[in-house]
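The exercises below are meant to be worked with the sequence and the coordinates open side by side. Try each task before reading the solution that follows.

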Amino acid sequence: MCSSDLINPLDAVGPRWAAEDRTKIQLFSLPTPNGIKVAAALEELGLPYEAHRINFGTNDQNDPGYTAISPNNKIPVIIDPDGVEDSGPIAIMESAVIMLHLADKAAAAGGPRLVPAGAEGRLEALQWLFFQVGHIGPMFGQLGHFKKFAGDKCDHPYPLERYTKESARLIGVLEARLEGRDYILGDDYSIADISIWPWVQGIVGFYEAGPSVEIEKRPNVLAWLER
């Protein structure tokens, strides 16, 4: 989301989430899989940031200050005070876009590299990043919802069966990809791993759906998750 159609986003959020240090990246998030992956990227890249909790339980996502930087009322969002090409502060939504921006920002400054430098390696990383966005996230999220939260609201077996079957298939895709590899791209830890692991951890832990997707039969995934 470009800042050109906004007041400076550091001002737009208002006093409720005011930055203590306006030279640092501002992270607006929660410890959900999508939130965790951006926080993890910031930590891995060593980029200075401040974290602000957006509490869905108190409807923070609909606060006008938050809507000003997150038109879709979702988390995570960052404000990068440097922007791009000297643009000045910009707000960025959508976790995969944020991760790619942060990885490129750190690499340009000579910091850690979480996206391969070559065009082919970058394309491979983007494929797996968007595999998470288009498949892992939606399917795992729906499985978790129907298994943990909607069990007493939907007595038809179809939704849970559908999302369980597809999530198990996706775990199988990861299992095959990780055969002979330490990480999704091979030897190198990347934004693809950071994007996917919170979702796999969430299925196993928070959603308690590991047995449903037969995670115990996926030794490559389990070893990767431990790494």
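**Exercise 1. Describe how helix H5 and helix H6 pack against each other.**

Solution. Begin with the handedness: in this predicted model, the crossing in which H5 passes H6 is left-handed. Two packed helices are described by the angle between their axes and the distance between the axes. Here the axes of H5 and H6 come within 8 Å of each other, and they cross at roughly 150°. Next, list the residues that meet: H5 contributes, among others, Trp 128, Phe 131, Phe 140 and Phe 146, while the H6 side includes Leu 160, Tyr 163, Leu 170 and Leu 174. Finally, sort the contact by class, which gives 14 nonpolar, four polar and four charged residues.

**Exercise 2. Find which helices build the largest nonpolar core, and which of its residues touch the most other members.**

Solution. The largest nonpolar core has 28 residues, and those touching the most other members are Phe 140, Leu 174, Ile 184, Val 200, Val 221 and Trp 224. Turning to the helices, H5 (119-149), H6 (158-177), H7 (191-204) and H8 (219-226) each supply at least two residues of this core, and H5 gives the most, with seven residues. To see one member in detail, take Trp 224 and set aside its neighbours within four places in sequence: Trp 224 is then in contact with residues including Tyr 183, Ile 184, Trp 197 and Val 200, but also with Asp 182 and Asp 193. Apart from this core lies another, of 23 residues, among them Ala 41, Leu 42, Met 99 and Ala 106.

**Exercise 3. Decide whether Gln 132 is buried or exposed, and name the residues that Gln 132 touches.**

Solution. First place the residue: Gln 132 is in helix H5. Its relative accessible area is 2%, which is under the 20% cut-off, and therefore Gln 132 counts as buried. Then look beyond residues up to four places away in sequence, where Gln 132 touches Asn 34, Lys 37, Gly 137, Pro 138, Ser 195, Ile 196 and Trp 199.

**Exercise 4. Carry out the corresponding analysis for Gly 202, and state how far its C-alpha atom is from that of Gly 65.**

Solution. Gly 202 lies in helix H7. Because its relative accessibility is 10%, under the 20% cut-off, Gly 202 counts as buried. Leaving aside neighbours within four places in sequence, Gly 202 is in contact with Tyr 207 and Glu 208. For the distance, the C-alpha atoms of Gly 202 and Gly 65 are separated by 30 Å, the two residues being 137 residues apart along the chain.

Notes
Residues are numbered from 1 along each chain as its sequence is written. This is a predicted model: local features need pLDDT of at least 70, side-chain atom pairs count only at pLDDT 80 or more; totals for chains, interfaces and linings use all residues. Side-chain values use heavy atoms; hydrogens and water are left out. A nonpolar core is a set of buried Ala, Val, Leu, Ile, Met, Phe, Trp, Tyr and Cys residues joined through side-chain atoms within 4.5 Å. Buried means under 20% relative accessible area, exposed over 50%, partly exposed in between (1.4 Å probe, protein chains only). Helices (H or I, at least four residues) and strands (E, at least two) are DSSP runs, numbered from the N terminus. Contact means heavy atoms within 4.5 Å. Axes are lines fitted to C-alpha atoms, for helices over the stretch in contact, and angles run from 0 to 180 degrees between N-to-C directions. A crossing is left-handed if the near helix is turned anticlockwise from the far one by less than a right angle, and right-handed if clockwise. Ala, Val, Leu, Ile, Met, Phe, Trp, Tyr, Cys and Pro count as nonpolar, Asp, Glu, Lys and Arg as charged, and the others, Gly among them, as polar.
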